[in-house]
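Here is the note you asked for, set out as numbered points. Please read it alongside the sequence and the structure shown below.

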Amino acid sequence: MGPGAKASRPRSAYGQYAGTHVRSKSHHSTARPATSMIRRDEDDDDEEERDFYDDRMEAMERQFSAFKEKMETDMQKATDQKESIQQLQSRVTELEAIRARLESVNRDLETDLKDAKSCMKTMEMEMEMTKRNTAFEADDIRRKHRNEIEDLENKHEKATHRWRSEKEAAEEKVRRNFEAQIDKLLKEHKEQLDGLNAKLSKETETERNRQLQKEQEVEAEYASKLRAAGIEADAKQRELQLVQGDLTNVKSELDRERALKTALQGQLTDATTKNLTLESSNTAMKEKINFLESDSQAQSSAYNDLHRRMQEAIEAAEQAHDKLRQEETLRRKLFNQVQELKGNIRVMCRVRPAHASESDPAKISFPDSDTDSKEVAIQGPEKISATGKDITAAYQYSFDRVFGPASQNLEVFDEISQLVQSALDGYNVCIFCYGQTGSGKTYTMSSADGMIPLATAQIYAEAKRLEEKGWRYKIEGSFIEVYNETYNDLLGRSEDLDKKKVEVRHDAAKKQTNLENTVSIELDGPNRVTELLKTADKNRTVAATKANMRSSRSHSVFILKLVGTNGITGERSEGTLNLVDLAGSERLEHSKVEGARLKETQNINKSLSCLGDVINALGSAKEGAHIPYRNSKLTYLLQYSLGGNSKTLMFVMVSPLQAHLQETVTSLKFATKVHNTHIGTAKKQTKTA
Ligand SMILES: Nc1ncnc2c1ncn2[C@@H]1O[C@H](COP(=O)(O)OP(=O)(O)OP(=O)(O)O)[C@@H](O)[C@H]1O
């Protein structure tokens, strides 16, 4: 910097140092010659300049040391920060390691959770199975008890019968003994009586003789005494008084004798009375014997009468049986007429109860539950229009019968028991449950007190009752699953599921369906049904592990073939009872599923819509018109159980939840369509041999 710039240089830039400035260098300056003013001025300028530079240097040094100090402090700080960064980095590394460890633990836990969940699922399934098995076992035990009670009752009846015949034999024996005893007693009594009579007459005779002898002796004595007295009267006057005294004595003795005689006569009278009493008791005894003899005659005549009346009763019973048989035939005819009047396709609706865990129930009401129980009303979600009006949609449906959430399976069965009776009478009957997954189809059909166990129990009881009317029934059961448009035998080996080809053949002439490659079990006792259901359930469980939710995605058809023959009237009837648990009816959108699930969904939608088509065609078609049974495996299997020659009942099952409202309305609409269908008259499969 030049000296010229000095005047304009702002010192204020260094002003901060000005107050503290120590001019040590300026004092150190050499003395200037006082002779030359110019030179002195120049020296002054130099000095000033030097001062200035000194000041600057000092300031710079101070700045430098301050800067150095600051640098050192900053360096220190930087070192500290580096250290703390390093510490933080090592902490971060530690935390990273912990996080990695925790993540792996988390992954392990998730795997465990998954395992536990699948374990829980398996356990739930096992529990369900155990529950069902327990229910079936309870049924077994109940039936076993019932059989045991029947056995005991039979035994009791036999024992009573034996006891009665033993009692009769014992009575007969006692009667005979009694008669023999009476005979013996009478004999003894007669002998006694004869002995007594003989003894009495002998005693009487002896006594009479003794009296007579005594009288004669007394008379002889008296006569001799009289004679002696008469002879001696004259001679012995004085002796007269003695004799008179003697006479008095004799008289008194005579009186005594007479009294004795009277006493003896009294005794004789007594003996005669006794004899008479004995004779009268003898007569009474004889009368009694006669009475007893006449009683046994009366008894044998009563027996003959009874025998005759029994024969008459047997004949009357035979006639009554004949009449009963005729009435049974008439009953079947009338029963069928009633069924026809009710229509050959009936629709009933059942709303299941909500579980404790289910909230948000739909608004479902039963307007005529106190009277006919045929209506169900559903209210849609609440909506208010732009003008503020309540425009909540309300739907009302009417069916042959509506069951509310409180209804029990037994109550439901009451309504279908007539159709089960029809199957025994030779009709083809098809009862199916329709509704979305979880709406209660399986509960209604296959639970321990569901339609399948109750229907088979009724069939057994009814078949037994009809035995006395000459009917003998052969009952055969099969259980078929329709999954992905293929048939599976639920009574076959579980290894054969989805492998063994089950064939369905129709005999158009006999209007019968025959299954090939399937196991059909002859149900010769109620326990066999339980076994059958257990096998089917086991196979369904195996199938469920192959495809999740398979039971909801497949149709199951329980088929009972009932062939009855009447040995007396020569009648024969062949009926079939089909109990169908349909796959869940909810319409899954194809776009939302893929792969195996898509195929399942397509097949379910196809078979359910085919069922609707078949019912629709049956309702509208003329005789002989084409019915599209072949369009799905389900309708093909049920060909002869849907339509002209059969009676059909559809249960539309309804979930009580608001979340399922849309599906509920769809199901109820479908059911209404079916309800409005009128199918032709059913024909009974009866032949006369
Ligand atoms: N009437 C009822 N009373 C009591 N519980 C019922 C009733 N109906 C159904 N449930 C219960 O509701 C649940 C679903 O019923 P269920 O399994 O029968 O439905 P689903 O329609 O057969 O379903 P999926 O199509 O999956 O087979 C089950 O836990 C069942 O026990």
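**Notes on the predicted model**

1. I begin with a pair of strands in this predicted model: strand β6, which spans residues 428-434, runs parallel to β13 and is joined to β13 by six bridges. Within this pairing, Val429 stands opposite Leu577 of β13. As general background, the strands of a sheet pair through backbone hydrogen bonds, and the pairing may be parallel or antiparallel.

2. Strand β13 also pairs with strand β12 (residues 555-566), this time in antiparallel fashion and through 10 bridges. Here Val557 is the residue placed opposite Val580 of β13. The two strands form a hairpin with four residues between them, and in this hairpin Gly570 adopts a positive phi near 80°.

3. How much of strand β13 is covered? Of the 11 residues in this strand, which runs over residues 571-581, 10 are buried, so that the strand is mostly covered. For the protein as a whole, by comparison, 22% of the 689 residues count as buried.

4. A separate point concerns the open sheet of three strands, whose order is β2-β3-β4 and whose pairing is antiparallel. Its edge strands are β2 and β4 (394-398), each of which pairs on one side only. If direction is ignored, neighbouring strands of this sheet are turned against each other by 15° on average. Between β3 and β4, which run antiparallel, there are five bridges, and Ile378 has Tyr395 in β4 as its bridge partner.

5. The loop between β2 (363-365) and β3 (375-379) contains Ser369. Why does Ser369 count as partly exposed? The reason is that Ser369 has 15 C-beta neighbours inside 10 Å, whereas a residue would need 20 or more to be buried and 12 or fewer to be exposed. Although Ser369 and Gly404 are 35 residues apart along the chain, their C-alpha atoms are separated by 8.3 Å.

6. Turning to the ligand, which residues come nearest among the 14 around it? They are Arg352, Gly440, Thr442, Tyr443 and Ser552. Helix α6, made of residues 441-446, supplies the largest share of the shell around the ligand, namely three residues. By residue class, the shell divides into nine polar, three nonpolar and two charged residues.

7. On the overall architecture, the protein has 11 helices and 15 strands. Among contacts with a separation of 6 or more, 74% are between residues that lie 24 or more positions apart.

8. Confidence deserves its own point, and a careful reader may wish to keep these values beside the details above. The protein averages a pLDDT of 79, and 81% of its residues score at least 70. Among the elements, strand β5 (residues 401-403) has the highest mean pLDDT, at 95, and helix α1 (residues 15-18) the lowest, at 40. Over residues 1-36 the pLDDT stays under 50, and for that stretch the model has 20 contacts beyond four places in sequence. The model scores ipTM 0.97 and pTM 0.54.

Conventions
Residues are numbered from 1 along each chain as its sequence is written. This is a predicted model: local features need pLDDT of at least 70, side-chain atom pairs count only at pLDDT 80 or more; totals for chains, interfaces and linings use all residues. A residue is near a molecule or strand if its C-beta atom, placed from the backbone, lies within 6 Å of it. Ala, Val, Leu, Ile, Met, Phe, Trp, Tyr, Cys and Pro count as nonpolar, Asp, Glu, Lys and Arg as charged, and the others, Gly among them, as polar. Two residues are in contact if their C-beta atoms, placed from the backbone, lie within 7 Å. Two strands pair if DSSP finds at least two bridges between them. Axes are lines fitted to C-alpha atoms, for helices over the stretch in contact, and angles run from 0 to 180 degrees between N-to-C directions. pLDDT is the predictor's confidence in each residue, from 0 to 100.
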